[in-house]
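Open the structure in your viewer and keep the selection tool ready. The tour goes from one selection to the next and says what is there.

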Amino acid sequence: TFDQMSGKTSMDPRWKMITEDGKYVPGSEHPSMIALRTGQKQGPVIRGMYIPEKDDYVWLSITAIPLFQPGEDKPFEVYAIFDDITERKKAEEALLAERERLAGILEGINDGTWEWNLQTGENIFNERYAEMLGYTLNELSPVSLDTWQNLCHPDDLKVSMELLEKNIRGE
């Protein structure tokens, strides 16, 4: 709350801030302190702030903007913007865990995969896909739709292209 934050500074020992990779951030390295010291805007940076009552971290996107008195070149205070991104961080962590789980499943079933991002045109083959066709992934690089078409058996290419076109049209 505002009352809980009122009167505290970044140097308050009760603040426990960490970076996204879990490293402790001393008060002198908080974005507001850097902005005061350098006179430069800091952020947005992502930091975890430990909340003892919850025994957990709240994840914040922090922007610190130094404020100057007219004619002064050293800031006299900092305006800090805190955006609570805890739910976003939890969603990102859940997505990462799901990706790792799916990668483990793909590795375990030993399937070859080919992905085509229709919006960007990017194609991704996994190593097993290349092996199934008698190549290494490096031998097929750079991977493109042409790579896939060249590897497709001529009898299958026409049917495959028709199915891809239907998929693109939403059928």
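**Stop one: a pocket**

The lining of the second largest pocket is made up of 12 nonpolar residues, six polar ones and two charged ones. This is a predicted model, and the pocket in it holds about 460 Å³ of space. To find the centre, select K8, T9, S10, S32 and F82, which are the closest to it of the 20 lining residues. Next, colour three elements: α1 (2-5), α2 (31-38) and β5 (77-84). Each of these supplies at least two residues of the lining.

**Stop two: L151**

Now select L151, which belongs to helix α6, residues 145-151. Is L151 buried, partly exposed or exposed? Its relative accessibility is 24%, and buried would require under 20% while exposed would require over 50%, so L151 counts as partly exposed.

Show the residues around L151 next. Once neighbours within four places in sequence are set aside, L151 is in contact with F125, L133, Y135 and L140. Take L140 from that list: 11 residues separate L140 and L151 in sequence, and their C-alpha atoms are 9.8 Å apart.

**Stop three: helix α7 and G170**

Select residues 154-168, which form helix α7. What span should its 15 residues have at 1.5 Å a residue? The expected value is 21 Å, and the end C-alpha atoms of α7 are 21 Å apart, so the two agree.

Finish at G170, just after α7. Check the backbone angle there: phi of G170 is positive, at about 85 degrees.

How values were computed:
Residues numbered from 1 in each chain as written. Predicted model: local features only at pLDDT ≥ 70, side-chain atom pairs only at ≥ 80, totals over all residues. Heavy atoms only, no water. Helix = DSSP H or I, 4+ residues; strand = E, 2+ residues; numbered from the N terminus. Buried < 20%, exposed > 50% of the residue type's maximum accessible area, 1.4 Å probe, protein only. Contact = heavy atoms within 4.5 Å. Expected span 1.5 Å × (residues − 1). 1 Å grid on protein atoms, 1.4 Å probe; cavity = no way out; pocket = protein on both sides within 12 Å on 5 of 7 lines; lining within 4 Å. Points joined across faces, edges and corners; volume = space filled by probe spheres on them. Nonpolar A, V, L, I, M, F, W, Y, C, P; charged D, E, K, R; others polar.
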